[in-house]
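Visitor: I'd like to talk through the enclosed spaces in this protein. Could you put it on screen first?

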Amino acid sequence: MIIAVLPLVLVTLLIFCVYNIYILSFFGIPENLSMTYYYLKEEKNKAFLFPLFILMMCCVFSPAWFFLNSYFAFFESQTSILIYIVCLMMFFLVLLSDYKEKKIRFYLHYTVAIISSVCELLWIFIVAYKYWYIPFMILFLSFLAAFFTKTHKCSCIYWLEITAFLSLFIVTFLLSLLL
């Protein structure tokens with residue numbers, strides 16, 4: 001099964017890296033990942049890239065994530081709900097891409113993003129408990145990057161989102177190597 005899981009994890013990581021490199025090269029470090037929707041909408045009229053990015057990551061990554069959960073989780077049905085919640089929250093993020101239009105969308109968007117990040121990290125701490133230190137290492141590296149780029153005040157949410165996504169991708173990559 002490593003043949004099926006590892007490529008999905010790597011393709012998702014590639015999608016994540018390509019999107020972030022594109023954003024960083026044209027717009028610099030954003031306040032948060034969702035703000036890139038507005039950057040793309042205003043500057044390049046390519047607002048569709050943000051929802052496409054989220055949907056591609058979710059659709060490509062979730063089969064591998066579910067398989068790893070079924071293989072490594074002690075309580076598969078209980079931890080699967082975390083994956084379902086993350087996927088559902090990602091779809092809500094796509095629906096709420098233009099979160100600045102109405103105040104309720106703004107609050108819903110941030111609530112959905114927080115729930116998604118917390119569920120990702122919970123899954124790591126419950127299922128991939130051997131790699132509990134990875135999110136803390138990534139968080140430390142994110143703080144260093146934010147400090148050296150002088151964006152620790154204006155882009156702290158971006159760095160937290162990067163921490164959550166990269167932690168999940170690195171941990172699933174390591175788990176897929178154990179298959």
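Guide: First, a definition: on a 1 Å grid over the protein atoms alone, a cavity is a set of points where a 1.4 Å probe fits but cannot get out, and lining residues have an atom within 4 Å of a point. Points are joined across faces, edges and corners, and a volume is the space filled by probe spheres set on the points. This is a predicted model, where local features need pLDDT of at least 70 and side-chain atom pairs pLDDT 80 or more, while totals for chains, interfaces and linings use all residues. Residues are numbered from 1 along each chain as its sequence is written, and side-chain values use heavy atoms, without hydrogens and water.

Visitor: How much space lies in the second largest cavity?

Guide: Searching the whole structure for cavities of 30 Å³ or more turns up two. The largest has a volume of about 130 Å³. For the second largest, the value is about 90 Å³.

Visitor: Which element gives the largest share of the lining of the second largest cavity?

Guide: Its lining includes Met-57, Trp-65, Glu-120 and Phe-169. Helix 3, helix 4 and helix 7 each give two or more residues; helices here are DSSP runs (H or I, at least four residues), numbered from the N terminus. The largest share, five residues, comes from helix 3.

Visitor: And which element gives the largest share for the largest cavity?

Guide: That one is lined by 13 residues, with Leu-33, Leu-93, Ala-113, Glu-161 and Phe-165 nearest its centre. Helix 3 (49-72), helix 4 (76-95), helix 5 (103-127) and helix 7 (156-177) each give two or more. The largest share, four residues, belongs to helix 5.

How values were computed:
On a 1 Å grid over the protein atoms alone, a cavity is a set of points where a 1.4 Å probe fits but cannot get out, and a pocket is an open set with protein on both sides within 12 Å along at least five of seven lines; lining residues have an atom within 4 Å of a point.
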